[in-house]
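This report describes a protein model by its side-chain contacts, its fold elements and its surface. It begins with a contact between a charge and a ring.

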Amino acid sequence: MDSLVLTGFRIGLLVLLWLFIFLALRAMRRDTAAAAGGAVRRGGGRTRTRGSRGSRGQGPRAQAHRIAIVEGPLKGSHMELTGVSDIVLGRNNQCDFVLGDDFASGRHARLFRRGSDWFIEDLDSRNGTYVAGVRIDQPERVGTDTDIRVGRTTVRLVP
């Protein structure tokens, strides 16, 4: 009788192990699919996929030619992106794109190009970086006419 109970326990443990492996693979597949579709990591560790809100006004072939401040202390300032692949945004005068915002960190965020897509990442700023109203904590793809909020300043890639 003891051997039968022990065998049942072993089989049960094996089934639980395979169930755990299946659930882990399923979660990894979901995360990979969400990352390919433009997922945003939120503060609570949950992932939410952005729908049309994140790609608002973004044409399938719209190329960004400059970055402009649309709201904030230096509203109207802009920078041409021709030949540039990496830009640091912040309050510090040594940044590539100075925001002049007291709520922005010295080196607040980095905008970089991968292929024909632009990505923004937060550089561990105190007030965070927001893309289309959602705080990001990993590099996030941004298109033209997507609002990027850094401190109290809103910048946008312009075609």
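In this predicted model, R149 lies over the face of Y130, at 4.2 Å from the ring centre. A comparable arrangement involves R110, whose charged end sits over the ring of F112, 4.1 Å from the ring centre.

**Overall organisation**

The protein has one helix and 13 strands. The helix comes at the N-terminal end of the order of elements, and the strands follow it. Of the 159 residues, 33% count as buried.

**The aromatic pair**

The ring of F112 also takes part in an aromatic contact. A search of the whole structure finds one aromatic pair. It is formed by F112 and F119, with 5.7 Å from centre to centre and 15 degrees between the planes, and it is stacked. The pair counts as stacked because its planes are under 30 degrees apart. F112 is buried, its relative accessible area being 6%. F112 therefore counts as buried by a cut-off of under 20% relative accessible area.

**Salt bridges**

How many salt bridges does the structure hold? There are three, and the table gives the partners and the N to O distance of each.

| Acidic residue | Basic residue | N to O distance |
|---|---|---|
| D86 | R110 | 2.9 Å |
| E121 | R110 | 2.7 Å |
| D147 | R156 | 2.6 Å |

The side chains of R110 and D86 meet in a salt bridge. R110 belongs to strand β7 (residues 109-114) and D86 to strand β5 (residues 86-90), so this pair ties together parts that are 24 residues apart in sequence. D86 is partly exposed, at a relative accessible area of 35%.

R110 also forms a salt bridge with E121. Here E121 lies in strand β8 and R110 in strand β7, so the pair ties together parts that are eleven residues apart in sequence. E121 is buried, with a relative accessible area of 17%.

Away from R110, D147 forms a salt bridge with R156. Both partners count as partly exposed: D147 has a relative accessible area of 22%, and R156 is at 25% relative accessibility. Salt bridges that share partners join D86, R110 and E121 into one network. R110, a member of that network, is also the residue whose charged end sits over the ring of F112.

**A buried tryptophan in β8**

Strand β8 contains W118 as well. Is W118 buried or exposed? At 3% relative accessibility, W118 counts as buried. The C-alpha atoms of W118 and R141 are separated by 5.8 Å, although the two residues are 23 residues apart along the chain.

**Positive phi values in two loops**

Most residues other than glycine have a negative phi. D124 has a positive value, near 55 degrees, and is not a glycine. D124 is placed in the loop between β8 (117-122) and β9 (129-131). With 75% relative accessibility, D124 counts as exposed.

D145 also has a positive phi, of about 65 degrees, without being a glycine. D145 is found in the loop between β11 (140-142) and β12 (147-150). Its relative accessibility is 30%, and D145 counts as partly exposed.

**The helix and its nonpolar patch**

What annotation covers residues 6-25? The unreviewed UniProt entry gives these residues as "transmembrane region". In the model, the span is 100% helix and 0% strand, and the end C-alpha atoms of residues 6-25 lie 29 Å apart.

A nonpolar patch on the surface is formed by L14, L17, W18, F20, I21, L25 and M28. Together these residues have about 760 Å² of accessible area. One of them, L14, lies in helix α1 (residues 2-36). L14 counts as partly exposed, at 49% relative accessibility. L14 therefore does not count as exposed, a class that requires over 50% relative accessible area.

Definitions and conventions: Residues numbered from 1 in each chain as written. Predicted model: local features only at pLDDT ≥ 70, side-chain atom pairs only at ≥ 80, totals over all residues. Heavy atoms only, no water. Phe/Tyr/Trp six-rings, centres within 6.5 Å; stacked < 30°, edge-to-face > 60°. Buried < 20%, exposed > 50% of the residue type's maximum accessible area, 1.4 Å probe, protein only. Lys NZ or Arg CZ within 6 Å of the ring centre and 35° of its normal. Patch = residues over 30% accessible without salt bridge, like charges linked within 9 Å, V, L, I, M, F, W, Y side chains within 5 Å. Areas by Shrake-Rupley, 256 points an atom, 1.4 Å probe, with all protein chains shown as cover. Salt bridge = Lys/Arg side-chain N within 4 Å of Asp/Glu carboxyl O. Helix = DSSP H or I, 4+ residues; strand = E, 2+ residues; numbered from the N terminus. UniProt positions renumbered as here; feature names shortened; annotations may be inferred.
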